[in-house]
Each structure stands twice: as structure tokens, then as C-alpha cells.
Amino acid sequence: MSDFKSNNAIIQWIEYRLPIFSFIDHSVGSKYPAPRNLSYWWNFGSLAGLALVIMIATGIVLAMQYTPHVTMAFDSVERIMRDVNYGWMLRYIHMNGASFFFIVVYIHLFRGLYYGSYKAPRELLWMIGVVILLAMMATAFMGYVLPWGQMSFWAAKVITNLFSAIPLVGETIVTWLWGGFTVGNPTLNRFYALHYLLPFVIVGLVIIHIWALHRFGSNNPLGIDVKGPQDTIPFHPYYTVKDLYGMGVYLIAFAAVVFFAPNSLGEPINYVEANPLVTPAHIVPEWYFLPYYAILRSITFDIWFIPAKLIGVIMMFGSILILLVLPWLDRSPVRSARFRPLYRQFFWILVVDCIVLGWVGANPPEPPYIYIGQVATAYYFAHFIIILPLLSVLERPRPLPASISEPVLKGGGAALGATANPMEKA
Ligand code: HEM
């Protein structure tokens with residue numbers, strides 16, 4: 001029998017036939033115990049969910065006005081911007097929504113890295129997250145092609161062409177991806193179909209992500225397991241209110257960009273219609289792809305019989321795929337960086353390294369950027385393949401508190417170890 005109580009007759013009627021209210025109560029309600037010490041870094045999962053909903057809602061309405069044909073796509077987007085009621089707002093929300101989605105998910109991911117949320121028993125939760133990230137990247141890439149601007153066309157051309165580096169079957173794969181012998185109408189059509197489909201696949205993946213999360217519950221800033229009811233508080237109202245507050249702050253920041261600087265993150269040249277005969281001076285992806293682009297272009301030399309281009313492609317995809325095996329590269333039994341003095345420093349070096357890669361990706365592939373990119377790429381992989389396994393055996397972690405409630409009830413500072421780290425302030 002359901003343990004859900006309500007005085008409302010309609011809710012009782014539904015609950016008896018379909019126990020959906022008790023399901024919600026156990027998933028995100030008063031019956032879901034969450035660690036009592038979650039910081040604001042734990043807001044970013046729900047924010048990612050909000051970003052996804054905003055993208056799907058605006059995307060569906062945009063699709064009602066958009067025409068997926070090479071002779072009309074660009075004009076149909078211009079029409080949305082000028083003639084459709086609030087079309088400019090829909091498009092600016094969707095355009096900047098993608099950037100905000102990536103900001104939120106990158107913070108969410110680095111939160112996981114800092115607090116060791118990828119470690120047992122949450123490995124699969126983490127791996128599903130990595131698959132979500134890959135699906136998001138494919139969606140964003142194909143969405144960017146739809147307005148059929150100069151950068152849409154040339155980004156599509158450069159990135160799809162990468163597959164030609166695959167030995168023997170490369171050229172065939174590229175022709176198959178394009179649906180012809182160049183980026184053209186069949187390419188635009190299939191990208192449109194997939195761009196509409198993939199967000200719903202992401203919704204499915206997010207449901208599995210949350211399912212896996214609920215198996216063991218959230219990790220927490222101390223990275224130690226919940227030992228009993230004294231370590232938890234009900235998700236509702238405590239974290240529902242905290243999540244809503246986070247969403248309010250997020251929407252204010254989002255609105256500021258949408259209404260006051262809607263083109264600040266984009267490339268102006270994408271307001272010029274695609275022209276296969278004119279190559280732009282610099283082909284750069286959106287900011288959230290820049291670090292991968294830097295990795296791709298940093299391989300300027302063949303290794304043995306493997307051509308540089310193929311190694312670049314493998315490294316670019318490898319930079320994300322390596323996250324899938326992270327739980328087995330970092331063998332330290334301690335989760336939170338709060339108790340791992342060395343790991344904490346390498347975490348921040350990795351953050352800086354990723355920012356450097358992004359900066360290199362935004363610049364032309366020439367000295368000195370190319371060399372800086374090569375060093376940053378080497379460091380990125382060294383972090384995962386060399387530094388983490390070594391730290392697992394060499395580092396001496398600080399003593400862990402006996403329970404979550406111990407430092408909380410002692411006023412927060414106790415047993416945390418002295419830490420002057422910005423990640424700890426929230
Ligand atoms: C559409 C994108 C995503 C959505 C909507 C989403 C949603 C969520 C939500 C709601 C939570 C619980 C709240 C929280 O811990 O912040 C969560 C936890 C988690 N997510 Fe995601 N997520 C997404 C992408 C990712 C990605 C890309 C990764 C990593 C590669 C990831 C890894 C994790 C991990 C490890 C946890 C557990 C964290 C902990 O308990 O400390 N997620 N996710």
C-alpha cells in the first residue's frame with residue numbers, strides 16, 4: 001500500500017489507481033532523504049534539467065517556423081527574427097540557451113571531478129553523464145548547421161570531413177554522412193531530423209541518470225557515506241527550495257544575456273548566408289567546443305604510419321571518452337578533494353589547462369598557439385593517465401570525519417581540515 005497521505009479527494013482517487021504522487025514523493029519529495037551538507041555545487045544537476053526543458057520548449061516552437069532547405073533555411077531564420085511575433089526572443093533564448101546549458105553541465109561535471117562523485121558506487125551514474133555530454137555535443141553541432149550561415153556550413157564541412165581520416169572506409173563514411181558528395185540539402189535535412197530527435201534521447205538518458213542517482217543517493221562535499229537518518233534531511237522542502245532559488249538566479253543571468261547581449265557568444269559571420277565558394281578567414285566552433293578543437297589541431301605530425309589528422313581525431317574524441325574509465329584510473333579510496341591535498345592542486349591545474357585549451361582553440365593554428373596547445377593537450381591526457389594513477393598510491397589523504405553530521409553539528413569548520421579553496425566557499 002502507498003504511504004502517501006493527502007486530504008485532496010482527487011489526488012487520493014488518482015493515487016489509488018496510479019501511485020504517481022507517492023512516486024514523486026519518494027523521488028524528489030519529503031520521502032527522499034538527501035545528505036544534509038549539500039552545497040550550491042549540487043544545484044547544477046537541476047539547473048541542467050531546467051536548461052534542457054527550455055531548449056526543447058523553444059526548439060519545438062522554432063521548428064514551426066523554420067524551413068530545412070538550403071535555399072530557404074537562412075531566410076526562414078531571418079523571418080523568425082524579424083516577422084514572427086517574439087520570434088527574436090525564441091531564437092535568442094534557444095541560441096544562448098545552448099551556451100548556458102554547456103556552462104551548467106561543465107560546472108556539474110567539474111563538481112563531480114572535485115568531489116569524486118564518479119567513484120564507487122556511482123561509476124555508472126557518471127558514465128551515463130558522459131554519454132549525455134556526447135549526445136549534447138552532437139545535438140549542438142547539428143543545431144548550429146540549421147541557420148545555414150557561413151560558419152554553419154564551414155563548421156559542418158570541416159568537422160564531417162574529419163571522418164575521412166579513418167583508414168579505408170573514411171571517404172565512404174563522409175559521403176554517407178553528407179548524403180551526397182558535399183555538405184548540401186540532404187545533409188541539412190538529416191541534421192534537422194536528428195537535431196529534433198536527440199534532445200528526447202537526452203531526456204531518456206537523464207531519466208536513467210536520475211534512476212542511477214537514486215540507487216545510492218547523492219555524494220556530498222565530504223565524500224563520505226550517509227551513516228543514518230542524522231546525516232540526511234528530506235529533499236522536500238529543503239532542496240526543492242534551494243533548487244528553486246538556484247533556478248531564479250540562473251534565469252536572471254540568462255535573461256541578462258538574452259536581452260542585453262544576445263550575440264556576444266556567437267560568431268558575426270553566421271549572419272552571412274552559407275556560400276560554398278567563399279571560405280571564411282577563420283573557421284572557429286562555438287566556445288564550448290574550443291578545447292576539443294585545440295586538441296584536434298595540436299597534432300601536426302604523423303606518428304609512424306598514422307597520419308596526423310587521424311591522431312588528432314582520435315585524441316579529440318579520446319579527451320571525452322577517457323572520462324568513461326576515470327573511476328578506474330583514480331583508485332584513491334577518498335572521494336572528496338577536501339581531504340586530498342595533492343589531488344586538489346592538480347584539479348585546479350586541470351581547470352586552468354582546459355581554459356588554456358579553449359583559448360588556443362579560439363586562435364589560429366600557428367606559433368605560439370600551436371605549441372601552447374600541444375603542451376596543454378599533453379598535460380590533459382597526462383592528468384588522467386599518469387597523475388591520477390600515481391596520486392592514488394602516493395598521496396596521503398587527510399583523516400575523514402566520522403560522519404556527515406559530526407562536522408555539520410560542530411559548526412561546519414570542524415574536521416574539514418584548514419582549506420583556503422574557492423570550491424569550498426559555497
Ligand atoms: C542534461 C544533462 C544532465 C542533467 C539534466 C543532469 C542531472 C543531474 C541531477 C538532477 C543530479 C542530482 C543533483 C546534483 O548532484 O547536481 C545529477 C547528479 C550527477 N550527475 Fe548529472 N546531469 C547531466 C549531465 C551530467 C554529466 C555530463 C555528468 C558527467 C560526465 C554528470 C554526472 C553526474 C554525477 C556524477 C552525479 C552525482 C553527483 C553527486 O551526487 O555528487 N551529469 N545529475
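**View 1. The iron-coordinating residue H209 counts as buried, because its relative accessibility is 15%.** Here buried means under 20% relative accessible area, exposed over 50%, and partly exposed in between, with a 1.4 Å probe and protein chains only. This is a predicted model, in which local features need pLDDT of at least 70 and side-chain atom pairs count only at pLDDT 80 or more, whereas totals for chains, interfaces and linings use all residues. Residues are numbered from 1 along each chain as its sequence is written, and side-chain values use heavy atoms, with hydrogens and water left out. H108, by contrast, counts as partly exposed, because its relative accessibility is 21%.

**View 2. The iron atom of the ligand is coordinated by the NE2 atoms of H108 and H209, at 2.0 to 2.1 Å.** This pair brings together distant parts of the chain, since H108 belongs to helix α5 and H209 to helix α9, 101 residues apart; helices (H or I, at least four residues) and strands (E, at least two) are DSSP runs, numbered from the N terminus. Donors are N, O and S atoms within 2.8 Å of the metal (3.2 Å for Na, K and Ca), and water is not among the atoms, so sites may look incomplete. The arrangement is octahedral because the 6 donor atoms around the iron atom of the ligand subtend angles of 82 to 178°. Six donors count as octahedral if opposite donors are over 155 degrees apart and all others lie between 65 and 115. For reference, the ideal angles for six octahedral donors are 90 or 180 degrees.

**View 3. Polar contacts to the ligand involve H108, R111 and N219.** The term covers pairs of N or O atoms within 3.5 Å; within protein, one atom must be able to donate a hydrogen and the other to accept it, and residues adjacent in sequence count only if both atoms are side-chain atoms. A polar side-chain atom of H108 lies 2.7 Å from a nitrogen atom of the ligand, while R111 places a polar side-chain atom 3.1 Å from an oxygen atom of the ligand. At N219 the partner is a polar backbone atom, 2.7 Å from an oxygen atom of the ligand. The elements that give two or more residues to the shell around the ligand are α3 (44–63), α5 (87–115), α6 (123–145) and α9 (185–216).

**View 4. The shell around the ligand holds 23 residues, the closest of which are H108, S117, G129, H209 and N219.** A residue is near the ligand if one of its heavy atoms lies within 4 Å of it. Helix α6 gives the most to this shell, with 6 residues. By class, the shell divides into 13 nonpolar, 9 polar and 1 charged, where Ala, Val, Leu, Ile, Met, Phe, Trp, Tyr, Cys and Pro count as nonpolar, Asp, Glu, Lys and Arg as charged, and the others, Gly among them, as polar.

**View 5. S99, in helix α5, is buried, because its relative accessible area is 1%.** Not counting residues up to four places away in sequence, S99 touches L265, W287 and Y288, where contact means heavy atoms within 4.5 Å.

**View 6. P234 lies in strand β2, which spans residues 232–234.** With a relative accessible area of 30%, P234 is partly exposed. Leaving aside residues up to four places away in sequence, P234 touches G29, S30, Y32 and Y239. Although P234 and H26 are 208 residues apart along the chain, their C-alpha atoms are separated by 9.8 Å.

**View 7. Cis peptide bonds join H236 to P237 and P367 to P368.** For the bond between H236 and P237, omega is about 10°, and P237 is found in helix α10 (residues 235–260). For the bond between P367 and P368, omega is about 0°, and P368 has its place in the loop between α14 (341–362) and α15 (369–394).

**View 8. L168 and W304 each have a positive phi although neither is a glycine.** The phi of L168 is about 65°; this residue is found in the loop between α7 (150–161) and α8 (170–178) and counts as exposed, at 89% relative accessibility. The phi of W304 is about 55°; its place is in the loop between α11 (290–298) and α12 (308–321), and W304 counts as exposed, at 79% relative accessibility.

**View 9. V375 has its place in helix α15.** At 59% relative accessibility, V375 counts as exposed. V375 and L357 are 18 residues apart in sequence, and in space they are 9.4 Å apart, C-alpha to C-alpha.

Definitions and conventions:
Tetrahedral: all angles 85-135°; square planar, octahedral: opposite > 155°, others 65-115°.
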